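This report works through a single protein chain, from one pair of residues to the sheet around them and then to the chain as a whole. Please keep the sequence and the coordinates at hand while reading.

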Amino acid sequence: QVQLVESGGGLVQAGGSLRLSCAASQRTFSTYAMGWFRQAPGKERVLVAQIRSGGSTDYANSVKGRFTISRDNAENTVYLQMNSLQPEDTAVYYCAAQTWTASNYNYWGQGTQVTVSS
């Protein structure tokens, strides 16, 4: 069982920055793909960014050039640095893990609210 605990959400003005953190409970963290998803009110949950065990990354088009995902395997933590935030980035952000044998993200954090005011 993998437990994921997110932190770092909050209220920020447009143009500002936030950094989200997600700490995982398992020492096998380095073998997981890790992702950040977000869900805005009335919308589906969508992938924002992901980082594989080897370090390769993918980003949603809407955040490319503004958000950066990174991981610290020694700390079992994944980060999402969010710059130039816009009101449309307002959502609940979820951290997720895809363990070695899984075909999809199979563990989820509880979510952290990010609100960007105009």
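## The cysteine pair

In this predicted model, cysteine 22 and cysteine 95 are both buried. The two residues are joined to each other by a disulfide, with a distance of 2.0 Å from S to S, and the count of disulfides comes to 1. Cysteine 22 belongs to strand E3 and cysteine 95 to strand E9, which spans residues 91-98, so the bond ties together parts of the chain that are 73 residues apart in sequence.

Which hand does the disulfide of cysteine 22 and cysteine 95 have? The torsion about its S-S bond is about -75°, and the disulfide is therefore left-handed.

## The four-stranded sheet

Strand E3, which carries cysteine 22, is part of an open sheet of 4 strands, arranged in the order E1-E3-E8-E7 with antiparallel pairing. The edges are formed by strand E1 (4-7) and strand E7 (67-72), each of which pairs on one side only. From one strand to the next, the twist averages 15°.

On one side of E3, 4 bridges connect this strand to E1, and the two run antiparallel; within this pairing, cysteine 22 in E3 is the bridge partner of glutamate 6. E3 (residues 18-24) is also joined to E8 (residues 77-82), again in an antiparallel arrangement, by 6 bridges. In that second pairing, arginine 19 stands opposite glutamine 81 of E8.

The edge strand E1 shows how the two faces differ in burial: Leu4 and Glu6 point to one face and are buried, whereas Val5 and Ser7 point to the other and are not. In a regular strand the side chains alternate between the two faces of the sheet. Glutamate 6 thus combines two features, in that its side chain is on the buried face of E1 and its bridge partner in E3 is cysteine 22.

## Threonine 77 and the loops around E8

Threonine 77 lies in strand E8 and has a relative accessible area of 9%, which means that it is buried, the limit being under 20%. Its side chain reaches the backbone oxygen of glutamate 75 at 2.8 Å. Not counting residues up to four places away in sequence, threonine 77 touches Ser21, Cys22, Ala23, Phe29, Ser70, Arg71 and Asp72; Cys22, one of these contacts, is also a member of the disulfide with cysteine 95.

Asparagine 76 is found in the loop between E7 and E8, and its phi is positive, about 55°, although it is not a glycine. With a relative accessibility of 14%, asparagine 76 counts as buried. Serine 84, in the loop between E8 and E9, likewise is not a glycine and has a positive phi, here of about 50°. Is serine 84 buried or partly exposed? Its relative accessible area is 37%, so serine 84 is partly exposed.

## Valine 12 in strand E2

Valine 12 is located in strand E2 (residues 10-13) and, at 13% relative accessibility, counts as buried. Its C-alpha atom is separated by 7.9 Å from that of valine 114, a residue 102 positions away along the chain.

When neighbours within four places in sequence are left aside, the contacts of valine 12 are Ser17, Leu18, Leu85, Thr115, Val116 and Ser117. Leu18, one of these contacts, falls within E3, the strand made of residues 18-24.

## The chain as a whole

The chain contains 11 strands and 0 helices, so that a reading of its elements from the N terminus on gives β-β-β-β-β-β-β-β-β-β-β. Of its 118 residues, 42% count as buried. Among the contacts with a separation of 6 or more, 54% are made by residues 24 or more positions apart.

The C-alpha atoms fill a box of roughly 40 × 25 × 25 Å, taken along the principal axes. For 118 residues, a compact globule would have a radius of gyration near 13 Å, and the value for the chain, 13 Å, agrees with this.

Technical notes. Residues are numbered from 1 along each chain as its sequence is written. This is a predicted model: local features need pLDDT of at least 70, side-chain atom pairs count only at pLDDT 80 or more; totals for chains, interfaces and linings use all residues. Side-chain values use heavy atoms; hydrogens and water are left out. Two strands pair if DSSP finds at least two bridges between them. Axes are lines fitted to C-alpha atoms, for helices over the stretch in contact, and angles run from 0 to 180 degrees between N-to-C directions. Buried means under 20% relative accessible area, exposed over 50%, partly exposed in between (1.4 Å probe, protein chains only). A polar contact is a pair of N or O atoms within 3.5 Å; within protein, one must be able to donate a hydrogen and the other to accept it, and residues adjacent in sequence count only if both atoms are side-chain atoms. Contact means heavy atoms within 4.5 Å. A disulfide is a pair of cysteine sulfur atoms within 2.5 Å. The radius of gyration is taken over C-alpha atoms; the globule rule is 2.2 Å times the number of residues to the power 0.38.
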